[in-house]
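Visitor: I'd like to learn how to read a model like this one, feature by feature. Could you walk me through it?

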Amino acid sequence: MNNSILLLLLPLLGTITGAALSGFILPMCLKRKQWRWEKEISATELLIESISKIKFLAHHELSSTYADSFSMSDSWGNTENNVIELVKSLHANSYKISPYLRKKHRKEFQSFLDKSQLELDHAKETYGQWDPDDHLAMEVHGNNLVHSMLNVSSETLSNLGFDS
């Protein structure tokens with residue numbers, strides 16, 4: 001009698017367990033993995049695109065200023081501000097980006113944040129150390145900041161494997 005009840009309940013228990021696993025538990029696990037993967041991809045895209053944009057703007061601004069080449073990215077003197085805003089945006093969103101990056105990318109991102117912060121601090125310290133009517137010194141100061149951001153972004157992209 002016990003064996004016959006056990007033989008009837010065992011397939012029923014297996015069917016209920018299988019239905020629970022396939023209907024709820026396994027899809028939730030897969031959904032979490034998919035969500036994590038999507039977050040990793042979007043964080044990596046944001047990082048690479050932002051740093052590439054910094055490099056692009058800085059390179060074209062400096063080449064149009066010093067190499068007499070025409071730049072289609074010229075934003076009428078706002079390149080320095082655009083580069084600073086992109087760097088500030090990466091700094092402000094680093095808490096959103098870092099947890100989803102791979103270890104190598106997280107290390108390089110932190111290195112980028114540290115180096116860019118040093119460059120911004122240096123630019124802040126040296127800002128205004130010229131005569132009030134010396135507009136050339138002010139322009140050189142801005143170009144030096146853009147050049148340092150170009151170097152930091154180029155190095156980071158190279159270390160991430162996206163050098164061009």
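Visitor: Let me start with a single residue. In which helix does Glu80 lie?
Guide: Glu80 sits in helix 2, which covers residues 79-92. Keep in mind as we go that this is a predicted model.

Visitor: Is Glu80 buried, partly exposed or exposed?
Guide: Look at the relative accessible area: anything between 20% and 50% is partly exposed. Glu80 has 28%, so Glu80 is partly exposed.

Visitor: And which residues does Glu80 touch?
Guide: Leave out anything up to four places away in sequence, and Glu80 touches Gly142, Leu145 and Val146. You can also compare sequence with space: Glu61 is 19 residues from Glu80 along the chain, while their C-alpha atoms are 8.7 Å apart.

Visitor: Okay, zooming out. How many helices and strands are there in the protein?
Guide: The count is 5 helices and 0 strands. Read from the N terminus, the order is α-α-α-α-α.

Visitor: What share of the residues is buried?
Guide: Of the 164 residues in the protein, 30% are buried. As for the surface, the protein exposes about 11300 Å², with carbon and sulfur atoms supplying 60% of that.

Visitor: What share of the contacts links residues 24 or more positions apart?
Guide: Take the contacts with a separation of 6 or more: 73% of them are between residues 24 or more positions apart.

Visitor: Now helix packing. At what angle do the axes of helix 4 and helix 5 cross?
Guide: Roughly 170°, and the axes come within 10 Å. An angle over 145 degrees counts as roughly antiparallel, so that is how helix 4 runs relative to helix 5.

Visitor: Which residues make that contact?
Guide: On helix 4 they include Phe112, Leu120 and Ala123, and on helix 5 they include Leu145, Met149 and Val152. The residues of this contact divide into 7 nonpolar, 8 polar and 5 charged.

Visitor: What about Asp114, where is that found?
Guide: Asp114 is in helix 4 too. Its relative accessible area is 41%, which makes Asp114 partly exposed. The C-alpha atoms of Asp114 and His91 are separated by 9.6 Å, with the two positions 23 residues apart along the chain counted as their separation.

Visitor: One last feature: how many aromatic pairs does the structure hold?
Guide: There is 1 aromatic pair. In general, you describe a pair of aromatic rings by the distance of the centres and the angle of the planes. Here the rings belong to Trp35 and Tyr100, with centres 6.0 Å apart and planes at 90°, so the pair is edge-to-face.

Visitor: Which parts of the chain does the pair tie together?
Guide: Trp35 lies in helix 1 and Tyr100 in the loop between helix 3 and helix 4, so the pair ties together parts that are 65 residues apart in sequence.

Visitor: Is Tyr100 buried or exposed?
Guide: Tyr100 is buried, at 18% relative accessibility, whereas Trp35 is partly exposed at 45%.

Terms used
Residues are numbered from 1 along each chain as its sequence is written. This is a predicted model: local features need pLDDT of at least 70, side-chain atom pairs count only at pLDDT 80 or more; totals for chains, interfaces and linings use all residues. Side-chain values use heavy atoms; hydrogens and water are left out. Helices (H or I, at least four residues) and strands (E, at least two) are DSSP runs, numbered from the N terminus. Buried means under 20% relative accessible area, exposed over 50%, partly exposed in between (1.4 Å probe, protein chains only). Contact means heavy atoms within 4.5 Å. Accessible areas come from the Shrake-Rupley method with a 1.4 Å probe; for residues, only the protein chains shown count as cover. Rings of Phe, Tyr and Trp (its six-membered ring) pair if their centres lie within 6.5 Å; planes under 30 degrees apart count as stacked, over 60 as edge-to-face and the rest as tilted. Axes are lines fitted to C-alpha atoms, for helices over the stretch in contact, and angles run from 0 to 180 degrees between N-to-C directions. Angles under 35 degrees count as roughly parallel, over 145 as roughly antiparallel, 65 to 115 as roughly perpendicular and the rest as oblique. Ala, Val, Leu, Ile, Met, Phe, Trp, Tyr, Cys and Pro count as nonpolar, Asp, Glu, Lys and Arg as charged, and the others, Gly among them, as polar.
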